[in-house]
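User: I'd like to learn how to read a few features off a protein model. Can you walk me through them, starting with a strand pair?

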Amino acid sequence: MDQKSFFRLIFLIVTAGFIISFTSTYFSHAPSSTTGILDCTDSSSSPLCASRNFLFNKQQPRPIPKQDPKPKTKNHDHVSDTPNHPLDPLTVVEINKVRSILSSHALFTSGTPHAFHTVVLEEPDKNLVRHWEKGNPLPPRKASVIARVGLNTHVLTVDISTGRVDSENSPVSVSGYPMMTIEEMNAMTVAPFANADFNRTIISRGINLTDVICFPISCGWFGNKEENARVIKSQCFLTQGTPNFYMRPIEGLTILVDLDTKQVIEISDTGRAIPIPGSTNTDYRFEKLATTDKTRLLNPISIEQPRGPSFVIEDNHLVKWANWEFHLKPDPRAGVVISLVRVHDPDTQETRDVMYKGFVSELFVPYMDPSDAWYFKTYMDAGEYGFGLQAMPLVPLNDCPRNAAYMDGVFAAADGTPFVRENMVCIFESYSGDIGWRHSESPITGIPIREVRPKVTLVVRMAASVGNYDYIIDYEFQTDGLIKAKVGLSGILMVKGTPYQNKNQVEKDKDGNEEELHGTLLSENVIGVIHDHYVTFYLDLDVDGPDNSFVKVNLKRQETEPGESPRKSYLKAVRNIAKTEKDGQIKLSLYDPSEFHVINSGKSTRVGNPTGYKVVPRTTAASLLDHDDPPQKRGAFTNNQIWVTPYNKSEQWAGGLFTYQSHGDDTLAVWSERDRDIENKDIVVWYTLGFHHIPCQEDFPIMPTVSSSFDLKPVNFFERNPILRAAPNFEHDLPVCGVQSVSA
């Protein structure tokens, strides 16, 4: 056996457990011989399954800890699913049909290696969807396919009924590549170990190959090595003594790999003098932390609904709750897409349009360390990794409460075979003791009024684990017409190794200035690097129809005239309708307070106000990077917090359709520079929610969730408070549960 084969054998033995844990979350386990769903429990020839089956046959089953909730039965097998709505995602049958059609297409019969990076519904034209009614025939079902054939990218449209395949701009000539497939990400954990130089490097550090795991990291675009090849970087960690390998980086070791050939191009090893952090106090698993009833801080809490939930899910994807209805579907890139959002007006008894489509368009995560091993860490989590592909099955009772319903995602593997992401989305009603509205009259009036209404909301939730970080995305619907979009950040910090074990060891220059660590010393030999998170939402608001205008309502100080009033000043609202896209480019400022309305000038209330919704920012952050910095060129959609563009079906991804190694030449910022008309047009609002993250010790070894949000709130949309008629809670409506006595 030659040296290269020897190291490959070692690698297979070493990384078995990690490959299993990484891949096992992505597949349904129902037999596939009759269903057509990718199933790695049979003899599937899928590249994704080949390594997984080899490893699973040698893996002992893990006992379920006592605290794990009872495994939930599957929603259904998906084999019998049929589309019921023009926006329903592709079914198992349809994905298999697309695969069959393309298997005989000239592009895929030449023997050239190929992979399907995206297989999703090609949505019908918006006007057709808006006017479609249940009972009418569905528009022709088509699939949008992005495929790599050899070294070229192709965009195809497949008519599922006729078998016709249309090619759009193929091969693609713009900068960038499609998002990675799961198979590619898995292969990149293997690729370094197939290189003898890499293995020698590990061994020369005194590290056992059996204790190393490597993780693929998108490398942005900086020219040079990224110019003419689709490449990725890989960095490695020590797994000995902890499952939290992120806390044990092999600092300074970076491997550049060709994504197409799977060959190592370059190895950079600049951190030999930096020790690998220890494993002490890095484990975060419940069964490894001594928690008993005596040390438990909180008693369990659960929301019960004696009459059952108030929402229904019709035809698998149409959600109806209280005065709301909307279409909901999982998506491999966006995660969750909410469409055709309508609210019932209690006064007119009409169901009115609010939003045609809303989703997470892109996530930009730049790290603030310019060193050789860190400068390239400027992730685009949707366009590079697939935000939906990284979504994990939600954990009942902990990710979602007992009263939740779940929705699966059905996606296509790189070979075109469908697979099921179970429990990807949950829907539940939430009540946390908040108040919908209230008023109690003062005793001095002599009017004994105490009126209070509880606030119950409907939450749509997904969670994605993009490597070390976990994102929780909530869309929360309130009965008063408000929609809240909330982003939660949790998971594990990406850290760097350092020789320092205490702050008092950090070197200082002659002026007493400390060495720049680019972050915070969190534990011995561990630095949490400063970074940002930007989550850009696509919001195709259709307030009472598609023709809307964007209005910036500025609060201005007005000085009073001499003798006019005892007051010297007051605030007034100045309304400015955006005429073109540049008028809709907004940088938020505390010292330029404004409201941001989307109105329908063709619809008005009985007193003459145009109906509308407003974007209400909450805590957010703005990018401080130089606009000519390569990462910021690619992430230029974060240069403003709000953009407004005319609706264009091809403009949905803020970082461009092909984000991986893109040059920033096809982004929201580029489109908006066209300065198109947006007054009384079908417009799209883009909102970016931002976080600056300076890590602290409380983030170690796993981060408590930090959240921020924004609202879409009705403004003169209703004639009056739409929940005026809401009922209060009464004692007879609620169950009385026994309470165990608690002694001091």
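Analyst: Sure. Keep in mind that this is a predicted model. Let's start with one bridge: Lys-357 stands opposite Asp-540 in strand S25.

User: Which strand is joined to S25 there, and how do the two run?

Analyst: Strand S13 (residues 351–366) is joined to S25 by 8 bridges, and the two run antiparallel. S25 also pairs with strand S31 (residues 681–693), through 9 bridges, again antiparallel. One of the pairs there is His-533 with Phe-691 in S31.

User: How do I read the two faces of a strand?

Analyst: The general idea is that side chains in a regular strand alternate between the two faces of the sheet. In S25, His-531, His-533, Val-535, Phe-537, Leu-539 and Leu-541 are on one side. Asp-532, Tyr-534, Thr-536, Tyr-538 and Asp-540 are on the other.

User: Are the faces of S25 covered or open?

Analyst: Both are covered, as the residues on either side are all buried. Counting along the strand, 11 of the 11 residues of S25 (residues 531–541) are buried, so the strand is largely enclosed by the rest of the structure.

User: What about a helix?

Analyst: The general idea: an α-helix has 3.6 residues a turn, so residues three or four places apart point the same way. Now the case here: in helix H6 (residues 182–190), 7 of the 9 residues are buried, so H6 is largely enclosed by the rest of the structure.

User: Which residues of H6 are buried?

Analyst: Ile-182, Glu-183, Glu-184, Met-185, Asn-186, Met-188 and Thr-189.

User: Now charges. How do I read a buried acid, say Asp-331?

Analyst: Look for an opposite charge first, then for other polar partners. The cut-off that matters is 4 Å between a Lys or Arg side-chain nitrogen and a carboxyl oxygen. For Asp-331, the nearest side chain of opposite charge is Lys-329, 5.6 Å away, and Asp-331 has no salt bridge.

User: What does the side chain of Asp-331 reach, then?

Analyst: The backbone nitrogen of Arg-333, at 2.9 Å. As for location, Asp-331 sits in strand S11 (residues 324–331). Setting aside neighbours within four places in sequence, Asp-331 has contacts with Val-120, Val-336, Val-337, Gly-388, Phe-411, Met-424 and Trp-653.

User: Last topic: disulfides. How many does the structure hold?

Analyst: There are 2. For each one, check the sulfur distance, the twist about the S-S bond, and where the two ends lie. Cys-214 and Cys-236 are joined with S to S at 2.1 Å. Their link is right-handed, with 95 degrees about the S-S bond. Cys-214 lies in strand S5 (residues 212–217) and Cys-236 in strand S6 (residues 231–238), so the pair ties together parts that are 22 residues apart in sequence. Cys-214 is buried at 1% relative accessible area, and Cys-236 is buried at 1% too.

User: And which way does the link of Cys-400 and Cys-426 turn, left-handed or right-handed?

Analyst: Left-handed, with -90 degrees about the S-S bond. The sulfur atoms of Cys-400 and Cys-426 are 2.2 Å apart. This pair links distant parts of the chain, 26 residues apart: Cys-400 is in the loop between helix H8 (381–385) and strand S15 (405–412), while Cys-426 is in strand S16 (residues 418–430).

User: Are Cys-400 and Cys-426 buried or exposed?

Analyst: Buried: Cys-400 has a relative accessible area of 1%, and Cys-426 comes in at 0%.

Conventions
Residues numbered from 1 in each chain as written. Predicted model: local features only at pLDDT ≥ 70, side-chain atom pairs only at ≥ 80, totals over all residues. Heavy atoms only, no water. Helix = DSSP H or I, 4+ residues; strand = E, 2+ residues; numbered from the N terminus. Buried < 20%, exposed > 50% of the residue type's maximum accessible area, 1.4 Å probe, protein only. Lys, Arg positive; Asp, Glu negative; His and termini not counted. Polar contact = N/O pair within 3.5 Å; in protein donor to acceptor, adjacent residues only side chain to side chain. Contact = heavy atoms within 4.5 Å. Disulfide = S-S within 2.5 Å. Pairing = 2+ DSSP bridges.
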